[in-house]
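Reader: I should like a close look at the ligand site of this model. Please then set it beside the aromatic pairs and the other contacts that have been computed.

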Amino acid sequence: MKVAGQSMRSIWLEADGVGVGIIDQMRLPFELRTQRLITVEEAAHAIRAMLVRGAPLIGATAAYGMALAVRADPSDAAIAHASELLLATRPTAVNLRWAVEDLRTLLQQTPAERRVEAAYRRAGEIAEADIAMNRAIAGHGLPLISQALARKADKTRVDVLTHCNAGWLATVDWGTALAPIYLAHDEGVPVHVWVDETRPRNQGASLTAWELGQHGVPHTVIADNAGGHLMQRGRVDLCIVGTDRTTVTGDVANKIGTYLKALAAHDNGVPFYVALPSPTVDWSLADGRAIPIEERNADEVSEIAGRLDSGEIARVRVIPDGSAAANYAFDVTPAKYVTALITERGVCAASREGLLSLFPERWARP
Ligand code: MRU
């Protein structure tokens with residue numbers, strides 16, 4: 001997608017073929033700063049501290065992290081250590097486990113002297129595959145936006161509500177939930193996005209608003225609590241969100257607050273779509289209540305980050321001294337509230353039958 005008119009990705013292999021470039025998403029929307037990762041420890045830190053975040057980008061960063069690890073030490077012990085280090089960074093996005101296990105299996109089957117080349121190649125393939133899957137999601141999701149517009153009496157604007165950031169910053173490029181929105185915009189569909197701010201870390205206000213703005217997509221940031229009101233007033237035509245892990249039965253873990261939006265959408269007859277590439281499906285889980293929910297530092301709730309008039313980026317406290325705070329990072333929306341899943345192979349019901357109709361090769365493997 002575009003930043004100041006130039007195409008950009010969220011992660012890339014640097015020109016020397018060794019370092020891995022990322023955008024430090026902690027600095028957005030105020031400053032576009034890139035960083036070079038050259039060790040697996042730096043890759044793990046980038047995931048843990050959320051310089052990179054979003055399920056597919058966490059997966060791609062972990063894959064490159066494995067490559068950086070074997071570059072330093074191609075031994076079996078180093079591969080095992082790197083896997084443990086990366087898997088411990090964040091618990092909810094299943095793409096992390098998927099990418100680490102993919103690389104670990106590949107490397108264990110590769111002679112030590114060829115591991116570095118094999119790991120970089122595979123990490124690059126994972127990044128390219130993510131882009132291809134997201135581009136396909138864009139194509140499958142576009143008709144849902146066009147049809148929502150066609151159903152309206154007023155054809156001047158179709159309003160999509162999204163939560164958190166499931167745009168290109170959360171993936172390698174295109175995004176998941178935002179991919180159909182970018183394609184609709186590029187094809188001249190008059191799409192407008194209601195952007196949930198997404199407390200506590202404000203990924204909507206900071207990241208979704210920034211990337212939509214850079215690409216020229218009309219959008220409005222709203223307080224998280226405004227979505228239900230807008231849906232009651234008929235001002236949301238459809239919701240599209242991403243996911244960090246979706247069970248084989250269609251239960252959807254996504255950023256905290258997604259469940260409440262799904263309930264409001266259900267109550268108001270607003271279609272609620274979840275966009276996901278297949279590495280985000282946990283084919284081994286049937287019950288969303290078994291998805292591990294990350295609990296992060298309470299400081300993210302008791303404080304808020306922003307830019308002062310001086311230009312300095314600062315954190316300020318927003319709750320009384322002495323009050324306890326808790327920070328649950330994700331919630332699970334039961335499949336019954338999900339209108340459909342938008343995958344790289346097409347749109348399906350949020351159910352085992354729906355997913356397996358698009359991914360029949362998964363019948364054999366639980
Ligand atoms: O905590 P984050 O910022 O990593 O959470 C990101 C989300 O919840 C996204 O909605 C999800 O990963 C889908 S990304 C395409």
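Author: The account below begins with the ligand and then moves to rings, a sheet and a buried aspartate.

This is a predicted model, in which local features need pLDDT of at least 70 and side-chain atom pairs count only at pLDDT 80 or more, while totals for chains, interfaces and linings use all residues. Residues are numbered from 1 along each chain as its sequence is written, and side-chain values use heavy atoms, with hydrogens and water left out.

The ligand is surrounded by 19 residues, a residue being near a molecule or strand if one of its heavy atoms lies within 4 Å of it. The closest are Arg90, Gln203, Asp244, Asn254 and Lys255. Polar contacts are pairs of N or O atoms within 3.5 Å; within protein, one atom must be able to donate a hydrogen and the other to accept it, and residues adjacent in sequence count only if both atoms are side-chain atoms. A polar side-chain atom of arginine 90 lies 2.8 Å from a ligand oxygen, and a polar side-chain atom of glutamine 203 is 2.9 Å from an oxygen of the ligand. Glycine 54 contributes a polar backbone atom, 2.9 Å from a ligand oxygen. Of the 410 Å² of accessible area that the ligand has on its own, the protein covers 100%; such areas come from the Shrake-Rupley method with a 1.4 Å probe, and for residues only the protein chains shown count as cover.

Lysine 255, listed among the closest residues to the ligand, also has its charged end over the ring of phenylalanine 330, 4.0 Å from the ring centre. The criterion is that NZ of Lys or CZ of Arg is within 6 Å of the ring centre and within 35 degrees of the ring normal.

Rings also meet one another: the whole structure holds three aromatic pairs. Rings of Phe, Tyr and Trp (its six-membered ring) pair if their centres lie within 6.5 Å; planes under 30 degrees apart count as stacked, over 60 as edge-to-face and the rest as tilted. The ring centres of tryptophan 168 and tryptophan 210 are 6.3 Å apart with planes at 45 degrees, so this pair is tilted. Tryptophan 168 belongs to the loop between β6 (158–162) and α6 (179–186), and tryptophan 210, 42 residues apart from it, to helix α7 (residues 203–215). Helices (H or I, at least four residues) and strands (E, at least two) are DSSP runs, numbered from the N terminus. Tryptophan 168 is buried at 0% relative accessibility, and tryptophan 210 is buried at 11%; buried means under 20% relative accessible area, exposed over 50% and partly exposed in between (1.4 Å probe, protein chains only).

Tyrosine 259 and tyrosine 337 form a tilted pair as well, because their ring centres are 6.5 Å apart and their planes stand at 50 degrees. Since tyrosine 259 lies in helix α9 (residues 258–268) and tyrosine 337 in the loop between β16 (330–333) and β17 (340–343), the pair ties together parts 78 residues apart in sequence. Tyrosine 259 is partly exposed at 31%, whereas tyrosine 337 is buried at 17%.

Strand β16 also takes part in an open sheet of four strands, with the order β13-β10-β11-β16 and mixed pairing.

Finally, aspartate 237 is found in the loop between α8 (227–232) and β9 (238–241) and is buried at 13% relative accessibility. Its side chain makes a polar contact with the side chain of lysine 152 at 2.9 Å, and the side chain of aspartate 237 also reaches the backbone nitrogen of aspartate 159 at 2.8 Å.

Methods
Pairing = 2+ DSSP bridges.
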